[in-house]
Amino acid sequence: ALNRAAPRQRVVAPPSVSTWVPTFHDHAYPLAVRIYLVPLRERIGEIAFRDRHVMTQFVDGDASHPRAAAIFERGLDLYDVQAACLRTGPTLDAARGILRRAGFEKRLQATGMEIWARS
């Protein structure tokens, strides 16, 4: 469903989802998949590396970074994110609000997950 919402475009998703996104034809491009960013860390820079990790954790329900919500909000435009998959959890309400303000709409709600995409 995330691939259909944003084929060949950047998306942010929890690790358990982003791992599978690239296995489909015409897949979206998750901000982070497993450890693929580690070798690119020097090339993309520390801030982009951190942002992608924090954004991925935020949609997974983890707001342990003190600026997680702000990084997520800023990163949507900075990294040209076209869709987001949210896991039900402590960050869900904050993520929904941020996505609404950024012009995203809820496209799918399933057990424990929601997919939002730009209008």
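**Salt bridges up close**

**View 1. Aspartate 93 and arginine 96 share helix 6 (residues 92-101), sitting 3 residues apart, or about one turn of the helix.** This is a predicted model, and in it the side chains of these two residues meet in a salt bridge, with 3.3 Å from N to O. The two partners sit in unlike surroundings: aspartate 93 is exposed, at 59% relative accessible area, while arginine 96 counts as buried, at 18%.

**View 2. Here glutamate 114 and lysine 106 pair up through their side chains.** Their salt bridge spans 3.9 Å, N to O. Glutamate 114 is buried, with just 2% relative accessibility; lysine 106, at 37%, is partly exposed. This pair also links back to the previous view: salt bridges with shared partners join Asp93, Arg96, Lys106 and Glu114 into one network.

**View 3. Now look at aspartate 51 and arginine 74, whose side chains form a salt bridge.** The N to O distance is 2.8 Å. Aspartate 51 belongs to helix 4 (residues 46-59) and arginine 74 to helix 5 (residues 68-78), so this contact ties together parts that lie 23 residues apart in sequence. Aspartate 51 has a relative accessible area of 0%, so this residue is buried. Arginine 74 comes out as partly exposed, at 35%.

**View 4. Stepping back, how many salt bridges does the structure hold?** The count is 9. Among them are the aspartate 51 and arginine 74 pair, the aspartate 93 and arginine 96 pair, and the glutamate 114 and lysine 106 pair.

How values were computed. Residues are numbered from 1 along each chain as its sequence is written. This is a predicted model: local features need pLDDT of at least 70, side-chain atom pairs count only at pLDDT 80 or more; totals for chains, interfaces and linings use all residues. Side-chain values use heavy atoms; hydrogens and water are left out. A salt bridge is a side-chain nitrogen of Lys or Arg within 4 Å of a carboxyl oxygen of Asp or Glu. Helices (H or I, at least four residues) and strands (E, at least two) are DSSP runs, numbered from the N terminus. Buried means under 20% relative accessible area, exposed over 50%, partly exposed in between (1.4 Å probe, protein chains only).
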